[in-house]
Every structure is written in structure tokens, then in C-alpha cells.
Amino acid sequence: MAAVSALAIAALVIAPSFAAEDAVVIPPPAMDVPASDGIQTAVLSGGCFWGVQGVFQHTAGVVNAVSGYAGGSKATAQYEIVSTGTTGHAESVQIKYDPRKISYGKILQIFFSVAHDPTQLNRQGPDSGTQYRSAIFTTSDEQKKVADAYIAQLDAARVYKKPIVTKVGPLQGFYAAEAYHQDYLTLHPNQPYIAYNDIPKVENLKKLFAENYTEKPTLVGAARITN
């Protein structure tokens, strides 16, 4: 993802087998967080945050999706430092959503189905390193119970060829990424990395989760969050 143009073209030409992961049809979670009033927060990590943000910006019921960093300290929450893989941070997306329109469980289903491949350890597509790991940072005990139960459910159902490696743990802090990372998929749809790795994720969302798909993305600059 760093040095985006050169690496993206290299990934496209040299190693297409490492990109454009296929979506997986999976069952919804048997357990979910009960609906409540007020905007709720989910924080998910599934490789490069450009694609994950893009998917959830096209998800109905999401009122804002911000690319950023979770898992490390505020002092190291900078792209150049996170990219070293030594900070404990994972590229993450903070998702603010209306639980009256979409549930936490549905967000996880979309995350596991179309947003990333949860069986890849410390990598995603052409990107490798702990900063690209699959992780769920929970904001409540209920979220942790639902996430743990869903992973166990999907592993038991053997919907993937390999075990899920997604780590679940409490959110200690989320730090928004630099402005140039926000809304990246929408602003750069023809950039080779985005076109090959991430646009297909949005297309899979539209195909597999039509009832949860919205054509117009909710961009960071235009988001209006009220409780």
C-alpha cells in the first residue's frame, strides 16, 4: 500500500493471485447485540484500510467510517511509523452506525464475507505485516461475546478452507489516519491498487448484501453524526 502507484502496478502485473480476494457466502451470526437507541461504534481491521472503509461507506445504516489506527499508542499513530510493523497498530476503520438500521452482527457478516479474508495471518492480499492483520477491537462486553461466538460459528460451519485468524480484543484507543487516506476509494477509483483490490469488494457488497448496500457513499467530510 505504501508507494501506492509503483507497488500497486507491481502487484497487478507480477502477482495478481495475491489480490482481489473472492467474497465468501456465510451465514448471519446466531447471536447479535440487541438493538438500542443512539449511534454505536465498531472498530475493525482487515488489511489496508482503504478497502474496508470503502465497503462500509457503501453500507446502509453506517453514518461514518473513518480510516485510522488501533492497537498501539497515540504517539506512534502515524502512517510512516505504523508501516514499519513495529507499533502494535493495525490499519483499522472506525464505523459509526445506527443500530436501528443495521446490527453489529450484520456489520461483522459483511466484514467476514466481502471486506477481507479472515484466514490470512498478518497480511491481506498484496500487503504483509502485522499492521495488516485481521482484528476486531470491541467497545463492550456484548460486542466481544458476539464476535467470539461468530468466529466459532463460522469455523464450525467450515465456510473457509482455513481457520479464521481474526483476533478479538478490547479497544484501547482509535486514532484517525491522515487526511489523504480518508475517502480514498471514492476519490481514486482508477488507481490500480484500488481498482484491482478494493472496487471488487464494493461490487461484492452490492451483489451479496443488496438490502444493505447504498450507491452513494457516506464520506468522512460529509458525515453528520447525531445521537
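Strand 1, helix 2, strand 3, strand 6, helix 5 and helix 7 (192-208) are among the elements that cover the buried residues of helix 4. The model is predicted, and helix 4 is a good place to enter it. How many of the residues of helix 4 are buried? The count is twelve of twelve, so helix 4 is mostly covered. The run starts with Tyr104, Gly105, Lys106 and Ile107. Leu108, Gln109, Ile110 and Phe111 are buried too. Phe112, Ser113, Val114 and Ala115 complete the list. Lys106 and Gln109 are thus counted as buried alongside Ile107 and Leu108.

Three of the covering elements named above are strands: strand 1, strand 3 and strand 6. They belong to an open sheet of six strands. Its order is 7-6-1-3-2-8, and the pairing is mixed. Which strands stand at the edges? They are strand 7 and strand 8 (174-176). Each has a single partner strand, so one side of each lacks a neighbour in the sheet. From one strand to the next, the twist averages 35°.

Inside the sheet, take strand 1 (residues 40-46) and strand 6 (residues 134-138). They run antiparallel and are joined by four bridges. Within this pair, Ser45 stands opposite Ala135 of strand 6. Helix 2 (residues 49-57) packs on the sheet. It touches strand 1, strand 2 (62-70) and strand 3 (90-97). The direction of helix 2 makes about 165° with that of strand 2. Helix 2 also helps to cover the buried residues of helix 4.

Now step to the loop between strand 5 (127-128) and strand 6, where Arg133 is found. Arg133 is buried, yet it has no salt bridge. Where is the nearest side chain of opposite charge? It belongs to Glu91, 10 Å away. A salt bridge needs a distance within 4 Å, so Glu91 does not qualify. Backbone oxygens are found beside the Arg133 side chain instead. That of Thr130 lies 2.9 Å from one of its polar atoms. That of His89 lies 3.2 Å from a polar atom of the same side chain. Beyond its neighbours within four places in sequence, Arg133 is in contact with Ser45, Gly46 and Gly47. Its contacts also include Ala70, Gly71, Gly88, His89, Ala90 and Asn122. Ser45 is the residue that stands opposite Ala135.

Asn122, one of those contacts, has its own backbone feature. Its phi is positive, about 55°, although it is not a glycine. Most residues other than glycine have a negative phi. Asn122 sits in the loop between helix 4 (104-115) and strand 4 (123-124). Its relative accessibility is 30%, so it counts as partly exposed. Arg158 also has a positive phi, near 55°, and is not a glycine. Its place is the loop between helix 5 (141-157) and strand 7 (167-170). Is Arg158 buried or exposed? At 70% relative accessibility, it counts as exposed.

The last stop is the segment after helix 7, which holds Tyr213. Its relative accessibility is 16%, so Tyr213 counts as buried. Which residues does Tyr213 touch, leaving out those up to four places away in sequence? They are His58, Val202, Leu205 and Lys206. The C-alpha atoms of Tyr213 and Val55 are separated by 9.1 Å, with their positions 158 residues apart along the chain. The side chain of Tyr213 also makes a polar contact of 3.0 Å with the side chain of Glu215.

Notes: Residues are numbered from 1 along each chain as its sequence is written. This is a predicted model: local features need pLDDT of at least 70, side-chain atom pairs count only at pLDDT 80 or more; totals for chains, interfaces and linings use all residues. Side-chain values use heavy atoms; hydrogens and water are left out. Helices (H or I, at least four residues) and strands (E, at least two) are DSSP runs, numbered from the N terminus. Buried means under 20% relative accessible area, exposed over 50%, partly exposed in between (1.4 Å probe, protein chains only). Two strands pair if DSSP finds at least two bridges between them. Axes are lines fitted to C-alpha atoms, for helices over the stretch in contact, and angles run from 0 to 180 degrees between N-to-C directions. Contact means heavy atoms within 4.5 Å. Lys and Arg count as positive and Asp and Glu as negative; His and the chain ends are not counted. A polar contact is a pair of N or O atoms within 3.5 Å; within protein, one must be able to donate a hydrogen and the other to accept it, and residues adjacent in sequence count only if both atoms are side-chain atoms.
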